[in-house]
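Work through the exercises below with the sequence and the 3D structure open. Each task is followed by a solution in steps.

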Amino acid sequence: MSLLRFFSNRNSSAAVARERLQILLAHERSELGQSDLVVRLREEILAVIARHVTLDPDKVVVRMDRGKHVSTLEVDIELPNEPMARAS
Amino acid sequence: MAKVLVVTSGKGGVGKTTSTAAIGAALAQIGQKVVVVDFDVGLRNLDLVMGAERRVVFDLINVVQGVAKLSQALIRDKRLENLWLLPASQTRDKDALTEEGVGRIIAELKQTFDWVICDSPAGIERGAMLSMRYADEAVIVTNPEVSSVRDSDRIIGMLDSKTVRAENGERVEKHILVSRYDAGRAARGEMLSIDDVLEILATPLLGIIPESQDILRASNVGCPVILNSPASAATRAYMDATRRLLGETVTMAVPSERKGLINKLLGRRAA
């Protein structure tokens, strides 16, 4: 960034616009990418478990929380209480 | 090799249709065989901007549905013999477009033309999706303001994931075309600068189109600006952008503020 631009852009509304956009887009890009990832993870986890256990697809919850330093993946699967039935 | 180019933006009113007409005409003037295809079903305007609104008989939907042949729907420009228009339907619903039908028409157009330029509707719905679906290259028209840049970012994400090329692990070559650029406001820090836009969107720049009365006038009379005002700054900018599309290296000129002495003294903004 040139010195001239640095001074001319300080306190300008364009500088505010630029900063707001950078924050917003960083957030939106990670969210959009995340929704795709979570959907894929959910499908694959479901497929693996369904190979061994009968389960209700609606009772599988996959959530991702993106933190600043670490993100957590939460997988919550509710299994029916009767003895484990083989799917195949 | 025919190229499919989509002109897109997400946001409306940024200059997609104007840019489609200008770039299409510029390519045709250089000697390329060009067809511009309007994907804005229900709200077509490319015919109007090109001055062909009274010559539309059949449209894209008619061809998709097999009611008309492609050759019956294509309209040849009266000024440039290399330039053709495939209009959108004004009455039909945009759901009449199918992915398979659009793919068939684009494949057919590619056999005849060097460039198939798809003018995307605003938004991210079906029409916009289908206009980019088969693209090899994309021009993302962006105004230097927050809502346009945000929408462009979204469109870039779609070009990288929802196109046939993306699904085959290839890339759609993307270019930013900054339009409605006002040098004075950018210099005063009232408008995002070109550097800001490019840094945020991380996509190479194709050209900078200045805000211009000549563009408005060209739309009023239904003639692409490069033909209507050949000596204007807007025409120079579109011609340079077009040559870059063809792979030439053209120095990028950032429009500078041209203020008359009187305006300067009175502190007025140049029109």
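In chain B, 5 bridges join strand S2(B) to strand S5(B), and the two run parallel. Strands are DSSP runs of E with at least two residues, helices are runs of H or I with at least four, and both are numbered from the N terminus; two strands pair if DSSP finds at least two bridges between them. The model is predicted: local features need pLDDT of at least 70, side-chain atom pairs count only at pLDDT 80 or more, and totals for chains, interfaces and linings use all residues, while side-chain values use heavy atoms, leaving out hydrogens and water. Residues are numbered from 1 along each chain as its sequence is written, with chains lettered from A and ligands numbered from 1 in the order in which they are written.

**Exercise 1. Place S2(B) in its sheet and describe its surroundings.**

Step 1. Find the bridge partners. Val34(B) stands opposite Trp115(B) in S5(B). On S4(B) (residues 83-86), which pairs with S2(B) in the parallel sense over 4 bridges, Leu85(B) is opposite Val36(B).

Step 2. Extend to the whole sheet. The open sheet has 8 strands in the order S3-S4-S2-S5-S1-S6-S7-S8 (chain B), and its pairing is mixed. Its edge strands, each pairing on one side only, are S3 (75-76) and S8 (205-210) of chain B. S1(B) (residues 3-8) and S5(B) (residues 115-119) pair in the parallel sense over 5 bridges, with Leu5(B) and Ile117(B) as bridge partners.

Step 3. Check burial, where buried means under 20% relative accessible area, exposed over 50%, and partly exposed in between (1.4 Å probe, protein chains only). In a regular strand the side chains alternate between the two faces of the sheet. Val34(B), Val36(B) and Asp38(B) are buried on one side of S2(B), and Val35(B) and Val37(B) on the other. S2(B) is largely enclosed by the rest of the structure, because 5 of its 5 residues are buried.

**Exercise 2. Which residues of H6(B) are buried, and against what do they pack?**

Step 1. List them: Gly127(B), Ala128(B), Leu130(B), Ser131(B), Met132(B) and Arg133(B).

Step 2. Count. These are 6 of the 8 residues of H6(B) (residues 126-133), so the helix is largely enclosed by the rest of the structure.

Step 3. Name the neighbours. The buried residues pack against S1, H5 (99-112), S5, H7 and H8 (164-167) of chain B, with contact meaning heavy atoms within 4.5 Å.

**Exercise 3. How many cavities of 30 Å³ or more are there, and what lines the largest cavity?**

Step 1. Fix the rule. On a 1 Å grid over the protein atoms alone, a cavity is a set of points where a 1.4 Å probe fits but cannot get out; lining residues have an atom within 4 Å of a point. Points are joined across faces, edges and corners, and a volume is the space filled by probe spheres set on the points.

Step 2. Apply it. The count is 2 cavities of 30 Å³ or more. The largest cavity holds about 50 Å³, and the second largest has a volume of about 30 Å³.

Step 3. Read the linings. Residues around the largest cavity include Thr18(B), Val49(B), Ile215(B) and Cys223(B). H1 (16-30) and H11 (213-221) of chain B each give two or more residues to this lining. The second largest cavity is lined by Met50(B), Ala52(B), Ile75(B), Arg76(B), Asp77(B) and Leu85(B).

Definitions and conventions: 1 Å grid on protein atoms, 1.4 Å probe; cavity = no way out; pocket = protein on both sides within 12 Å on 5 of 7 lines; lining within 4 Å.
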